[in-house]
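Here is the note you asked for, set out as numbered points. Please keep the model open beside you as you read.

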Amino acid sequence: MVSGAEIYVVKPGDTVDAIAGIFSVDVKEIIEDNQLIYPYELAIGQSLFIDLGTRNAGRSIRSVGYAYPFISRWVLQQTLPYLSELAIFSYGFTTEGYLLAPALPDDWMLALAYEYGTQAILTLTPFGADGQFSNQLIHTVINNEAAVNRLINELLYVMGIKGYSGVDIDFEYILAEDRDVFTEFVRRIAERMRENGYHTSVALAPKTSAEQKGLLYEGKDYGALGEAADHVLLMTYEWGYTYGPPMAVAPVNQVRRVVEYAVTEIPTEKIDLGIPNYGYDWPLPFERGVTAAVTIGNIQAVRIAIEQGVPIRFDSLSASPFFLYDMEETEHEVWFEDVRSLQQKFELIKEFDLGGCGYWQIMRWFRANWLLLSKNFYIQK
C-alpha cells in the first residue's frame, strides 16, 4: 500500500463516521476527498481514499492531462496543481498543411496553465470532415514535402504567439505503408521543435509486439518513434469501449503486456502510461453493431451503484471495479476506475521505472485519483 494513505473497501454496515473512527481521521476529509454526497451513503465494495496525513512520495514523474477547451474552469483549476503538462485537444490541419485551431478559444487555458506552473501542450490531430481520425489525411500530408514544411512552420508560429511549450502528435489508424514516412515526419517535427526550445511527444497505440497486426498498430514503429520523440504516451485504455462488449477499460493484465513490450523498444524515462478518467455503462444483452455504452465519470459510477442499491465488485484479473443493475426492465453492466484500480497502474509505473502518466481525459474532477497520485509520486513542474 502507498505510504501516507489507505484504500478502504466498504463492507456491509459501514458508515463514514465508523470508517473515520477506524483510521482516526476527520469525517469531513473522507467526505471531501471521495466526493461523497449528503446523506453520505456508501455502496458495498466502494473503494475510499483515506489520507493518513503523512507523505513519502518517492521519485518525481511527469503527469499529463488532456482537455478540451470546453472544460469547466473550476475543474481545470482543481486539476492543474497535479499536472506537469496540459495537452489541449486539439489542433487539426488541412491537406495542404495549414493548421486549424480548435473550435473554441484556448488562450484562457494557456493562461491558467502557466499560472499553476504547468506547461501547455498543443495537441495535433488528423481529423477528417466527419470528425474522425483520417488516415487518408495523414497519408496526403506526410507524403507531401511542401505540406509538411508548411505544417511545421505554422506549428512554430502558433506555439510562439500563444506560448505553448510543446506539441503532442496524436495520429491514429496510420496506414502500414506510411509507417516509416510517419516516423520521419515525427523526427522532423521533433528536431525543429528542439531547435526552437520546444519538446515533442507522440501517442502510441497499445502494442504488445513489433509484428502486431491491425490498422491501429502497423503504422507505429515503437522503437523509431521513441527515439525521435522526447516522450511518448502509451494509450493503454479502451479495451472496453463504446461499441465493444462490456469489460474493463484498462485491464491491468493487458496494460502490463503493453508496458513489457514498450520497455524493450523505448527508454523507460520517455514512457508515459495512459490512464482513463472515465467508465462505461452498457445496456444488456450486448449485440455488436447495435449496443452502445454510455460514457460516465468514476464518481458518477459509484453514485449509480448507491442509487440502485447494488454492490460494487472487483475483478482480480483486470484489477477493475464493476457492477450490474436493472433499470426499466433493462440490465446494465458498468466498468470504471477507482483508487484500487488506479493504485495498480501506479505500481506499474514504479515497477518499470516509467517517466510518467497521461490522463485521457481530465474533463471530470476525480479528487481521490489526484490525491493518490501525489501520495505515490512528486509531480514534475
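1. Gly274 of β10 stands opposite Gly358 in β16. Strand β16 covers residues 356-360, and it runs parallel to β10, with five bridges joining them. Strands are DSSP runs of E with at least two residues and helices are runs of H or I with at least four, numbered from the N terminus; two strands count as paired if DSSP finds at least two bridges between them. Please bear in mind that this is a predicted model, in which local features need pLDDT of at least 70 and side-chain atom pairs count only at pLDDT 80 or more, while totals for chains, interfaces and linings use all residues. Residues are numbered from 1 along each chain as its sequence is written, and side-chain values use heavy atoms, with hydrogens and water left out.

2. β10 also has a partner in β9 (residues 231-234): the two pair in the parallel sense over three bridges. Leu234 stands opposite Leu273 of β10. Together with helix α9 (residues 252-265), β9 and β10 make a right-handed β-α-β unit. Right-handed here means that, with the strands pointing away from the viewer, the path from the first strand over the helix to the second runs clockwise.

3. Is β10 buried or exposed? Strand β10 spans residues 271-276, and six of its six residues are buried (under 20% relative accessible area; exposed is over 50% and partly exposed lies in between, with a 1.4 Å probe and protein chains only). In a regular strand, side chains alternate between the two faces of the sheet. For β10 both faces are covered, with Ile271, Leu273 and Ile275 buried on one side and Asp272, Gly274 and Pro276 buried on the other.

4. Now for the enclosed spaces. The structure holds two cavities of 30 Å³ or more. On a 1 Å grid over the protein atoms alone, a cavity is a set of points where a 1.4 Å probe fits but cannot get out, and lining residues have an atom within 4 Å of a point. Grid points are joined across faces, edges and corners, and a volume is the space filled by probe spheres set on the points.

5. The largest cavity has a volume of about 180 Å³. Of the 20 residues that line it, Asn34, Gln46, Ser47, Ile299 and Val302 lie nearest its centre. The elements giving two or more residues to this lining are β2 (47-51) and α10 (298-308), and α10 gives the most, with five. By class, the lining of the largest cavity has 11 nonpolar, six polar and three charged residues (Ala, Val, Leu, Ile, Met, Phe, Trp, Tyr, Cys and Pro count as nonpolar, Asp, Glu, Lys and Arg as charged, and the others, Gly among them, as polar).

6. The second largest cavity, of about 70 Å³, brings us back to the strands above. Its lining includes His231, Val232, Leu233, Asp272 and Gly358. The largest share of that lining, three residues, comes from β9.

7. The largest pocket holds about 1,000 Å³ of space. A pocket is an open set of points with protein on both sides within 12 Å along at least five of seven lines. It is lined by 31 residues, with Glu172, Tyr173, Tyr237, Glu238 and Tyr241 nearest its centre. Helix α9 supplies the largest share of the pocket lining, three residues.

8. How many aromatic pairs are there? The count comes to 25, where rings of Phe, Tyr and Trp (its six-membered ring) pair if their centres lie within 6.5 Å, and planes under 30 degrees apart are stacked, over 60 edge-to-face and the rest tilted. Tyr68 and Trp360 make an edge-to-face pair, 5.9 Å centre to centre with 70° between the planes. Tyr68 lies in the loop between β3 and α3 (73-79) and Trp360 in β16, so the pair ties together parts that are 292 residues apart in sequence. Tyr68 is partly exposed at 25% relative accessibility, whereas Trp360 is buried at 17%.

9. One last contact across the chain: Leu371 and Asn34 are 337 residues apart in sequence and 9.9 Å apart in space, C-alpha to C-alpha. Leu371 lies in helix α12 (residues 367-376) and counts as buried, at 10% relative accessibility.
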